[in-house]
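Let's take a friendly walk through a protein model, one step at a time. Have the picture ready to turn as you read.

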Amino acid sequence: KHALLKEIMALNFAVNDLVLYLDTHPSDGCALKKHSEYAEKVIKLTEEYQNKLAFSIYVGYLEYYYTNY
């Protein structure tokens, strides 16, 4: 369970880092693609973590980033 949580946290960090990068480089297609890939993985893994452990992770503040790039 800790490995899954660590993966979620690492991917979440990458998503947030890409958001900062995309603020100054909005036309970088490679970064946009990576952002979408990582964001989808974070959402999928978070759901998996919540289902397996019946534990809720608050990711609401991240939804803005996932839907606006």
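A good place to begin is the inside. The largest nonpolar core of this predicted model has eight residues: Leu4, Ile8, Leu11, Val15, Ala39, Val42, Leu45 and Tyr49. Helix 1 and helix 2, the latter covering residues 29-53, each supply at least two residues of this core.

Now step back to see the overall plan. The chain has three helices and zero strands, so if you follow the sequence along, you will read the pattern α-α-α. Of the 69 residues in the chain, 28% are buried. Look also at the contacts between residues at least 6 apart in sequence: 64% of them join residues that are at least 24 apart. As for the outside, the chain exposes about 4900 Å², and carbon and sulfur atoms supply 58% of that area.

Next, take helix 1, which runs through residues 2-24. You can check its length yourself. At 1.5 Å a residue, its 23 residues should span 33 Å, and the C-alpha atoms at its ends are 34 Å apart, which agrees. Several residues of helix 1 are buried, among them Leu4, Ile8, Leu11, Val15, Leu18 and Leu22. Asn12 is also on the buried list for this helix. Here is an idea to keep in mind as you look at the spacing of those numbers. An α-helix has 3.6 residues a turn, so residues three or four places apart point the same way.

Let's move on to helix 2, where you will find Thr46. Is Thr46 buried or exposed? Its relative accessibility is 4%, and because buried means under 20%, Thr46 counts as buried. A polar atom of the Thr46 side chain lies 2.6 Å from the backbone oxygen of Val42, and Val42 is itself one of the core residues. Thr46 also shows how the fold brings together separate parts of the sequence: Glu7 is 39 residues away along the chain, yet the two C-alpha atoms are 9.7 Å apart in space.

Finally, look for charged partners. How many salt bridges does a search of the whole structure find? It finds one, formed by Glu37 with Lys34, whose closest N and O atoms are 4.0 Å apart. Both residues belong to helix 2, and because they are three residues apart there, about one helical turn separates them. Glu37, at 30% relative accessibility, counts as partly exposed, and Lys34, at 35%, counts as partly exposed too.

Definitions and conventions. Residues numbered from 1 in each chain as written. Predicted model: local features only at pLDDT ≥ 70, side-chain atom pairs only at ≥ 80, totals over all residues. Heavy atoms only, no water. Helix = DSSP H or I, 4+ residues; strand = E, 2+ residues; numbered from the N terminus. Expected span 1.5 Å × (residues − 1). Buried < 20%, exposed > 50% of the residue type's maximum accessible area, 1.4 Å probe, protein only. Contact = heavy atoms within 4.5 Å. Areas by Shrake-Rupley, 256 points an atom, 1.4 Å probe, with all protein chains shown as cover. Core = buried A, V, L, I, M, F, W, Y, C linked by side-chain atoms within 4.5 Å. Polar contact = N/O pair within 3.5 Å; in protein donor to acceptor, adjacent residues only side chain to side chain. Salt bridge = Lys/Arg side-chain N within 4 Å of Asp/Glu carboxyl O.
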